[in-house]
Amino acid sequence: MTRTARHPAGPTSRPDLDEGFARLSEPYRRELLAHCYRMLGSIHDAEDAVQETYLQAWRGYGDFEGRSSLRTWLYRIATRACLKAMESAGRRPLPSGLGGPSDDADDGVGGRLLETPWLEPAPDALLGVDTATVVESRESIRLAFVAALQHLPGRQRAVLILRDVLAWRADEVADLLDTSTAAVNSALQRARAQLHQIAPTEDGVAEPTDPDRRALVDRYATAFENADLDALTEVLTDDTIWEMPPIPTWYAGRESVVRFLARRILAPGDYRLIPTRANGQPAFGSYALRDGVYQPHSLQVLTVTAEGISRVVAFLDAELFALCGLPAVLDADGGGTGSGEVKAPGGAAASGSATDGSGLPVSRGARCFT
């Protein structure tokens with residue numbers, strides 16, 4: 001590793017150390033958050049790991065001798081914090097990682113598995129990702145990639161991320177994990193093979209150009225808001241997938257997905273979609289019309305290919321709206337009000353409302369996915 005500047009010779013006061021640490025370490029916070037998110041699959045757990053990383057680094061900064069760069073040192077602490085956190089946590093799947101798709105889109109979707117630690121999306125704003133970010137960087141936080149990482153044991157996951165995403169040398173990874181270079185290379189081969197087996201089609205997926213992507217995403221939003229099933233059919237790929245964590249039921253294939261949506265988007269105006277971004281992908285905050293206002297329903301994260309929209313993961317978690325900077329509610333005209341704290345969807349059913357298979361309320365004017 002490259003040797004960098006040490007602390008100035010002679011005694012240094014704690015306030016000076018604190019000021020120096022904050023100034024030098026803060027620029028790495030977002031990329032460390034992305035690293036911890038890849039490791040853990042949860043933006044909340046990743047934020048906790050970053051906090052732990054900075055706490056440990058602050059405590060040890062006075063003894064930091066500069067044998068590596070500050071960035072490398074922080075990554076070492078963060079990776080070890082993630083590995084420790086993973087010891088008491090299971091992998092975070094998407095519904096498609098638990099079993100096969102439903103073969104009957106006309107059945108109820110069933111209840112939510114709240115005890116399952118599901119994969120979480122990561123808002124681009126938190127990770128410092130935008131449309132100008134290089135494709136390679138965006139791909140390293142895509143939902144499909146992070147979901148595939150969840151199938152790897154902790155140390156294999158760390159090796160693959162450090163070697164293939166962050167481009168660390170094998171000897172650097174070996175030093176971090178207290179193992180040999182040969183063991184690192186072996187772990188990397190096994191991790192690559194398992195990822196290829198889990199998601200063999202993810203590499204080299206053709207993406208549309210930015211103008212084409214924007215046009216396709218706009219067509220999807222318009223079709224969804226207008227309950228235009230024909231238009232939705234046109235923008236979805238033949239093998240499209242629809243998932244709704246924390247509900248384990250999911251659907252595969254354009255016909256199944258459209259048939260499922262047909263039973264839940266009954267009229268124009270049932271939903272409003274507000275654009276945002278997550279995991280380097282287009283996303284929407286979906287609001288359902290209830291009691292005269294649009295309330296948070298799901299964060300839809302889209303996978304867009306040159307052929308169309310190949311996957312929609314609709315996260316049924318209202319807390320994600322605040323993380324994405326989305327309005328707490330929309331009025332009947334679609335205008336946003338409030339921010340941060342949002343009312344969780346799926347509260348007690350109003351008098352006279354129907355319920356879907358999950359037991360959640362379905363208003364007469366707009367049936368929700370759940």
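This is a short talk about strands, aromatic rings and salt bridges in one protein structure.

Hi everyone, and thanks for coming. One thing to keep in mind as we go: the model is predicted.

Let's start with strand S5, which covers residues 293–305. How many of its residues are buried? The count is 11 of the 13, so S5 is largely enclosed by the rest of the structure.

Now look at the neighbours of S5. On one side there is strand S4, residues 281–290, which pairs with S5 in the antiparallel sense over 8 bridges. If you want a place to put your finger, Leu-289 stands opposite Tyr-294 in S5. The two strands form a hairpin with 2 residues between them, and Asp-291 in that turn has a positive phi of about 55°.

S5 also pairs with strand S6, residues 308–315, again in the antiparallel sense, this time over 7 bridges. Here Val-304 stands opposite Ile-309 in S6. A hairpin of 2 residues joins S5 to S6. As a piece of background, side chains in a regular strand alternate between the two faces of the sheet.

Next, the aromatic rings. A pair of rings is described by the distance of the centres and the angle of the planes. How many aromatic pairs does a search of the whole structure find? It finds 11. One of them is Phe-21 with Tyr-61, a tilted pair with 5.3 Å from centre to centre and 55° between the planes. This pair links distant parts of the chain: Phe-21 sits in helix H1, while Tyr-61 is in the loop between helix H3 and helix H4, 40 residues apart. Are these two buried or exposed? Phe-21 counts as buried, at 6% relative accessibility, and Tyr-61 is buried too, with a relative accessible area of 6%.

Compare that with Tyr-251 and Phe-260, whose ring centres are 4.6 Å apart with the planes at 25°, so this pair is stacked. Both of these residues are buried.

Back to Phe-21 and Tyr-61 for a moment: they belong to one aromatic cluster together with Tyr-54, Phe-64 and Trp-73. Tyr-54 has a charged visitor as well, since Arg-29 lies over the face of its ring, at 4.1 Å from the ring centre.

That brings us to charges. Side chains of opposite charge can pair when their charged atoms come close. The structure holds 14 salt bridges. One of them joins Arg-76 and Asp-175, with the closest N and O atoms 2.7 Å apart. It links distant parts of the chain, from Arg-76 in helix H4 to Asp-175 in helix H9, 99 residues apart. Arg-76 counts as buried at 15% relative accessibility, whereas Asp-175 is partly exposed at 39%.

For a bridge within one helix, turn to Asp-210 and Arg-213, where the closest N and O atoms are 2.4 Å apart. Both lie in helix H11, 3 residues apart, which is about one turn of the helix. Here Asp-210 is partly exposed, with a relative accessible area of 36%, and Arg-213 is buried at 12%. Elsewhere, salt bridges that share partners join Asp-45, Arg-92 and Glu-120 into one network.

One more for your list is the salt bridge between Glu-172 and Arg-169, at 3.5 Å from N to O. Glu-172 counts as buried at 11%, and Arg-169 is partly exposed at 40%.

Thanks for listening!

Definitions and conventions
Residues numbered from 1 in each chain as written. Predicted model: local features only at pLDDT ≥ 70, side-chain atom pairs only at ≥ 80, totals over all residues. Heavy atoms only, no water. Buried < 20%, exposed > 50% of the residue type's maximum accessible area, 1.4 Å probe, protein only. Helix = DSSP H or I, 4+ residues; strand = E, 2+ residues; numbered from the N terminus. Pairing = 2+ DSSP bridges. Phe/Tyr/Trp six-rings, centres within 6.5 Å; stacked < 30°, edge-to-face > 60°. Lys NZ or Arg CZ within 6 Å of the ring centre and 35° of its normal. Salt bridge = Lys/Arg side-chain N within 4 Å of Asp/Glu carboxyl O.
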